[in-house]
Amino acid sequence: MSQPMSAVASDDMPGRAMRRARSFFRDLALIPVIVLVFVFGILFVPNFATANNIISNIFSVSAVLGVAVVAQSIVLIGGYFDLSAQSVIGLAPMLMVWLYTTDGGIGAVPHPLLAIFLALLLGALVGFVNGILVGRLGMNAFIVTLAMLILLQGFTLGISGGQTFTDLPGPVAALGFANMGGVPVDVLILIAVIAIAAIFMRSAPTGRRIYAMGGNKEAARAAGINTLRLTVGLFVFSGVMASFAGLMLSARIAAVTASQGNNIIFTVFAAAVIGGISLDGGRGTIVGAATGVLLLGMIQNILVLSAVPSFWIDATYGAIILGALLIGSDQVRSVLDRLGAAVGSRRTT
C-alpha cells in the first residue's frame, strides 16, 4: 500500500531543509566578508560611512556593473561566455548619440526614444548573431564573443572618430540625475533587475531550463529542452542588457566616450565569480552575484577614497578572482555543502 501524500511530504522535509540551507549558505557566503570590509571602511577610511558616499558612490556607481553582472551571470549559468558585452556597452550608446545628434553625429534620428530603441536593438542583433554562431554552428562561445568584442570596438572607434559626445537624448540625460525619495533611479533599476532575475531563475520554467542546460547540455537536449532557442535567447538577453548598461553608464557620466566600457568585462567576471557563479555552468544564483557586486563596489570605493592608483585597483580585482576560484574549488565547495547539510539537519531535529 502506498504512503499517504502527507507522509511522503513529511518524509521529504529534511531533504528540502538541507537544500534550503545549502542554498542559503551559497547565496549569502560573502556577507561576513562584506561586513568585515564595511567595518574596515568605517574605522580606517574617512567619509566612507556617510549616507552620500554609500548611496551615490557605492550603490549608484555599482548600478551599471550590477546590470551587466546579472546578465553575464545568467549566461554563465547557461554554460556560455559573452565577452562581447563589453563592446556593446560602448557601441550601443555611441550609435544612439551618433544617430541622434548633429554635433559630431549625422542627426538622422532626431526622436530620442527611437534613438534609444535602436541602441537596444543593436544589442539584440549582436546577441542573435552570437547565439546563431554558437548554438547553430557549434562554434566556441569564448572565441566568437572575443572576436565580436574586437569587431565592435573597431566600429565604436570608427563612427566616433575618437571624440566624446555630450548631446544625449533627453530620457538618457535625465536618468543621470533622477531620483525617487532621495534614492538615485539607477539604484532602483538595479534592485528591480536583481529581484526580477532572481525570481525568474529560481521559479520560472525557463530559468530551470537554463540551469539544466548549463549543467549538462546533452542531458538537457535529451530531456526535450530546445537548447538552440535557449542559447540564442541567452545571448540576445545579454546583448540587450549590455546595451541598457551602456545607456546607464552614459547617463551617469553625462557623455559617451570612445573608450566607454573598456575593461569592464574583467570586473563583471570578478563580481560573478566571487558571487558564486560557476564558470563551468549550471551553478550559482543571482543573489550571490549581487553580493559580489556589492563587495567589489565597496572595495573599489575604499581604494578610491584612499587615493590608491588605478593600476593597483586592477591588480586587486585579479587577486580577488584568484581567491574566488580557490574558494569555489570542489574541495572547498564540499566543505560548504557539508556545513549547510549539518545546519539543515539541526533545524529539522
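Is Asn263 buried, partly exposed or exposed? At 48% relative accessibility, Asn263 is partly exposed; buried means under 20% relative accessible area, exposed over 50%, and partly exposed in between, with a 1.4 Å probe and protein chains only.

The legends below describe a predicted model, in which local features need pLDDT of at least 70, side-chain atom pairs count only at pLDDT 80 or more, and totals for chains, interfaces and linings use all residues. Residues are numbered from 1 along each chain as its sequence is written, and side-chain values use heavy atoms, with hydrogens and water left out.

**View 1. Asn47 and Asn263, two loop residues with positive phi.** Most residues other than glycine have a negative phi. Asn263 has a positive phi near 70° and sits in the loop between H11 and H12. Asn47 is not a glycine either, and its phi is positive at about 70°. The loop between H2 and H3 holds Asn47, which is exposed at 57% relative accessibility. The helix names follow DSSP runs numbered from the N terminus (helices: H or I, at least four residues; strands: E, at least two).

**View 2. The aromatic pair Phe40 and Phe44 in helix H2.** A search of the whole structure finds 6 aromatic pairs. In the pair of Phe40 and Phe44, the ring centres are 5.0 Å apart and the planes stand at 40°, so the pair is tilted. Rings of Phe, Tyr and Trp (its six-membered ring) pair if their centres lie within 6.5 Å; planes under 30 degrees apart count as stacked, over 60 as edge-to-face and the rest as tilted. Phe40 and Phe44 are 4 residues apart in helix H2 (residues 31-44), so about one helical turn separates them. Phe40 is partly exposed, with a relative accessible area of 40%, whereas Phe44 is exposed at 56%.

**View 3. The aromatic pair Phe81 and Phe269, which links distant parts of the chain.** This pair is tilted, with 5.9 Å from centre to centre and 40° between the planes. Phe81 lies in the loop between helix H3 (51-77) and helix H4 (85-100), and Phe269 lies in helix H12 (residues 264-274), 188 residues apart. Phe81 is partly exposed, with a relative accessible area of 22%, while Phe269 is buried at 11%. Together with Phe142, Phe81 and Phe269 form one aromatic cluster.

**View 4. The largest cavity, with a volume of about 60 Å³.** The structure holds 3 cavities of 30 Å³ or more. A cavity is a set of points, on a 1 Å grid over the protein atoms alone, where a 1.4 Å probe fits but cannot get out; lining residues have an atom within 4 Å of a point. Grid points are joined across faces, edges and corners, and a volume is the space filled by probe spheres set on the points. Among the lining residues of the largest cavity are Gln86, Gln153, Thr156 and Asn262. H4 and helix H6 (141-160) each supply at least two residues of this lining, and the largest share, 4 residues, comes from H4. The lining divides into 2 nonpolar, 9 polar and no charged residues. Here Ala, Val, Leu, Ile, Met, Phe, Trp, Tyr, Cys and Pro count as nonpolar, Asp, Glu, Lys and Arg as charged, and the others, Gly among them, as polar.

**View 5. The second largest cavity, with a volume of about 50 Å³.** Its lining includes Ala68, Gln72, Ile89, Met241 and Val268. H3, H4, helix H11 (227-253) and H12 each give two or more residues to this lining. The lining residues of the second largest cavity divide into 8 nonpolar, 2 polar and no charged.

**View 6. The largest nonpolar core, with 91 residues.** A nonpolar core is a set of buried Ala, Val, Leu, Ile, Met, Phe, Trp, Tyr and Cys residues joined through side-chain atoms within 4.5 Å. Val69, Ile74, Tyr80 and Ile286 have the most contacts inside this core. H3 gives the most to the core, with 13 residues. Not counting residues up to four places away in sequence, Ile286 touches Val70, Ser73, Ile74, Ile194, Ala197, Ala198 and Met201; contact means heavy atoms within 4.5 Å.

**View 7. Thr227 in helix H11.** Thr227 is buried, with a relative accessible area of 6%. Apart from neighbours within four places in sequence, Thr227 is in contact with Met213, Lys217, Ala220 and Arg221.

Terms used:
1 Å grid on protein atoms, 1.4 Å probe; cavity = no way out; pocket = protein on both sides within 12 Å on 5 of 7 lines; lining within 4 Å.
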